[in-house]
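Got the viewer open? Keep the selection box handy, and we'll go from stop to stop.

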Amino acid sequence: MTEPVLTASHWGLGLAQIEDGRIARVGEHPSDPAPSHLNDNIAGGLAGRARVLRPAIRRGWLTGEPALRGRDSFVEVSWDEALDTIAAELDRVRQSHGNASIYAGSYGWASAGRFHHAQSQLKRFLNSIGGFTGSEGNYSYNAALGLMPHIVGSFRDHIVEATRWPVIAEHSDLVVLFGGLAGRNAQVSDGGVHRHRMADNLALCRARGVDFVNVSPLRTDAPDADWLPVNPGTDTALMMGLAHTLLAEDLCDVAFLARYTTGFEAMRAYLLGADGTPKDADWAAGLTGQPAETIRALARRMAGGRTMISVAAGLQRTDFGEQPLWMAVTLAAMLGQIGLPGGGYGIGYGVNANVGNVDRLFRAAALPQGQNPVKGKIPVAMVADMLLNPGGAYCHQGRQETFPDARLVWWAGGNPFHHHQDLNRLHRAFQSPETVIVNEINWTATARHADIVLPVAATPERRDFCAGKSDDALVPMPQLVAPPGEARVEYDIYTALARRLGAEDTFTQGHTAEDWLRWLWSETQGSARAKGVELPDWEHFMAGGVISLPDPRPTQVFLSEFRADPVAAKLPTPSGRIEIASATIASFDLPDCPGHPTWFRPRDRAQTIYPLALLSGQPATRLHSQLDNGAFSVRHKIKGREPVLIHPSDAGARGIAEGDIVELFNDRGRCLAGARLTEDILPGCVFLWTGAWLDLDFEAPQNRDRHGNPNVLTHDRRSSSLTQSPAAHSAMVDLVRFDGPLPPVRAHEPPPFAD
């Protein structure tokens with residue numbers, strides 16, 4: 001066993017111990033006050049039976065025999081055969097259909113390293129040979145990315161400039177958490193996190209006497225808060241009931257609305273019932289399940305002190321998910337505390353470990369991706385629509401767009417058969433392309449739906465450095481072990497392909513992977529020097545430890561400059577103000593997103609025969625689906641399946657006991673899960689974590705998933721035609737105790753191989 005060696009990931013620092021050339025364990029780092037247990041997944045997740053060890057080609061694609069992707073066997077081949085095959089296929093598709101017919105569906109968190117970032121590597125390679133069709137936005141908070149620029153400004157500014165939690169601790173009286181503040185989300189951050197600060201900052205809030213209200217069907221989304229459970233999808237209605245109370249009881253800050261906003265009169269008329277229905281507390285009570293007097297009392301409490309309104313990112317991943325975002329801004333404007341310390345609103349608190357906790361002094365360098373000659377992109381959540389409807393039309397941001405005809409799909413660094421919705425539909429959609437290529441560490445469902453699978457090195461199996469997008473540290477990431485089998489570093493794979501396609505000089509610029517790492521570090525040194533920080537040379541950095549950097553804005557207050565001078569610091573909106581009503585959005589004439597916040601009943605809830613609302617979110621036992629086969633993830637399963645939270649009353653009505661295997665189902669699909677009974681969930685709701693590797697049983701009804709992936713149940717419709725965002729949290733289901741023979745879970749095993 002070696003001495004512990006520093007490593008880093010999206011979920012934090014770790015000290016790895018190596019035994020006989022393999023990672024034996026990754027322990028906690030002493031500088032982290034609340035280290036994540038997700039490091040326990042690394043050893044087993046990288047050395048399990050599911051590891052892709054050699055290049056493989058799907059048998060039916062290789063022989064020309066008809067066979068469905070996702071259920072075919074594979075033939076292992078040499079690297080030369082795999083690379084020659086890919087080079088020939090890229091040439092064929094480009095010459096016959098053009099580069100726009102190549103879809104780089106590379107979406108996901110991939111590696112925390114600055115150089116070995118799967119999406120950047122793939123996109124640089126494809127740009128070197130003429131480009132590709134890509135995607136825009138993300139699955140996490142796409143509605144905010146598309147909506148907020150119309151009404152306040154870039155949502156990325158909301159994330160970076162969020163009021164700091166120590167400021168909230170000092171100045172806030174009340175924090176109202178729409179969608180809660182799930183601690184499991186605070187384990188991770190894109191690009192990395194070296195110190196988990198959320199728990200300490202929330203403890204500081206409690207010590208200073210800040211009160212919290214958790215508006216969520218799940219008590220554990222904020223266990224130390226007053227719990228106000230509302231029916232899923234009704235947060236907008238609750239906000240409108242609160243806003244109506246502020247109007248009716250003369251609690252609005254009229255001066256703030258006049259100086260800093262535009263369009264409030266239209267919203268005021270809507271709240272008071274211009275459409276025939278006043279949006280008062282009694283109306284909201286009938287939708288949310290909370291008594292009208294509780295709603296009125298909360299409105300008075302919010303107006304009676306300094307109040308921060310927090311909106312979780314998950315709140316927008318629902319039918320008409322733009323509306324709670326817009327209404328939260330409206331409600332905060334009516335209170336008049338936007339731009340004041342501890343007041344106003346924040347969207348995305350808890351989306352990762354760093355929002356509101358810390359920010360970067362400077363950005364570290366990134367691998368240049370080059371210029372993509374293909375300008376077309378699709379909204380990220382419309383991949384199945386694109387594959388099933390090539391050349392079809394859709395609306396996005398008021399424009400009519402057309403789907404490309406994707407003949408070749410290449411996926412690297414992500415797992416769409418985890419994060420996409422209605423996975424049976426995605427399974428059908430993945431039958432459409434002529435060729436699917438996947439780079440993978442393990443045999444996930446995405447790899448099983450590929451024609452060509454390339455085994456790639458994992459984060460601890462290559463040299464890099466970590467500099468999270470919102471973290472305040474630089475961390476060396478030495479190579480801990482060699483990649484197993486024939487797995488290769490992706491840069492070397494693309495170099496070999498570029499050589500075959502006559503683009504090696506364009507792709508590499510004469511650089512090896514180590515050359516690029518040194519260049520990235522040199523560029524990062526320059527950025528640091530501009531901020532008065534002198535970084536060590538590359539060799540000393542890689543041989544050393546964590547470099548902590550100062551937070552550039554530890555007392556940040558969101559929109560404080562705008563409040564101080566709304567003319568000099570006007571917002572990047574048409575009016576320069578907060579647009580409570582947007583003439584731009586109104587001009588699009590969209591039936592599902594009018595020109596001001598509007599109440600819509602969630603579609604599944606209004607139309608379905610299924611009685612239970614399905615909640616799904618980031619798991620506590622892994623990052624999304626990464627290393628689901630690791631020890632920490634596996635030991636929290638029930639008989640090998642993901643746990644589903646059920647209220648005892650719902651379980652009792654169905655004869656379900658703790659630990660039973662249950663079958664969840666609706667018109668879209670079925671899955672098995674392990675019952676966990678708790679009163680911490682609102683009756684009429686069930687909660688099933690995302691990220692269990694999809695394990696479809698093609699012999700069972702609706703290709704039943706054996707493992708507990710909720711996205712076989714979620715619908716693949718968009719939040720609205722404005723942003724075309726995912727709306728996973730609107731699904732309705734039922735469940736029964738599963739009394740049949742328990743099928744074995746195959747998700748963590750390799751597929752069958754043919755000779």
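What follows is a short tour of a strand, a helix, a pocket and the cavities. Keep in mind as you click around that this is a predicted model.

**Stop 1: strand 26**

Select residues 661-665, which make up strand 26. Are they buried or exposed? Five of the five residues are buried, so to speak of cover here, the strand is mostly covered. Now show the side chains. Ile661, Glu663 and Phe665 point one way, while Val662 and Leu664 point the other way. Both sets are buried, the glutamate included.

Next, add the neighbours. Select residues 670-677 for strand 27, which pairs with strand 26 in the antiparallel sense over five bridges. If you trace the chain from one to the other, you'll go round a hairpin that joins them through four residues. Then select residues 732-737, strand 29: this one also pairs with strand 26 in the antiparallel sense, over four bridges.

Stay with Glu663 for a moment. Which residues does it face in these two partners? In strand 27, leucine 672 stands opposite it; in strand 29, its bridge partner is valine 736.

**Stop 2: helix 3**

Jump to residues 79-97, helix 3. Put a distance between the end C-alpha atoms and you should get 26 Å. At 1.5 Å a residue, the 19 residues should span 27 Å, so the two values agree.

Now colour the buried residues: Trp79, Ala82, Leu83, Ile86, Ala87, Glu89, Leu90 and Val93. They cover an arc of only 165 degrees around the axis, which puts them on the same side of helix 3. The spacing makes sense if you recall that an α-helix has 3.6 residues a turn, so residues three or four places apart point the same way. Spin the view to the face turned away from that buried side, and you'll find Asp80 and Gln95, both exposed.

Before leaving, click on the residue that follows the helix. It is glycine 98, and its phi is positive, near 90 degrees.

**Stop 3: the second largest pocket**

Centre the view on Leu181, Ala182, Gly183, Arg184 and Thr220, the lining residues that lie nearest the centre of the second largest pocket. There are 35 lining residues in total, around a space of about 780 Å³. Which elements give two or more residues to that lining? Select 198-207 for helix 8 and 643-646 for strand 25. Helix 8 gives the most, with four residues. Colour the lining by class and you'll count 21 nonpolar, seven polar and seven charged residues.

**Stop 4: the cavities**

How many cavities of 30 Å³ or more does the whole structure hold? A search finds two.

For the largest cavity, select Pro232, Gly233, Thr318, Pro602, Arg605, Ala613, Leu614, His729, Ser730, Ala731 and Met732, which line it. Its volume is about 60 Å³. Six of the lining residues are nonpolar, four polar and one charged. Met732 may ring a bell: strand 29, from the opening stop, covers residues 732-737.

Finish at the second largest cavity, with about 40 Å³ of space. Select Tyr103, Gly105, Tyr107, Ser135, Tyr139, Val380, Val383, Trp411 and His419 to see its lining. By class, the lining here divides into six nonpolar, three polar and no charged residues.

How values were computed: Residues numbered from 1 in each chain as written. Predicted model: local features only at pLDDT ≥ 70, side-chain atom pairs only at ≥ 80, totals over all residues. Heavy atoms only, no water. Buried < 20%, exposed > 50% of the residue type's maximum accessible area, 1.4 Å probe, protein only. Pairing = 2+ DSSP bridges. Expected span 1.5 Å × (residues − 1). Arc of directions from axis to C-beta. 1 Å grid on protein atoms, 1.4 Å probe; cavity = no way out; pocket = protein on both sides within 12 Å on 5 of 7 lines; lining within 4 Å. Points joined across faces, edges and corners; volume = space filled by probe spheres on them. Nonpolar A, V, L, I, M, F, W, Y, C, P; charged D, E, K, R; others polar.
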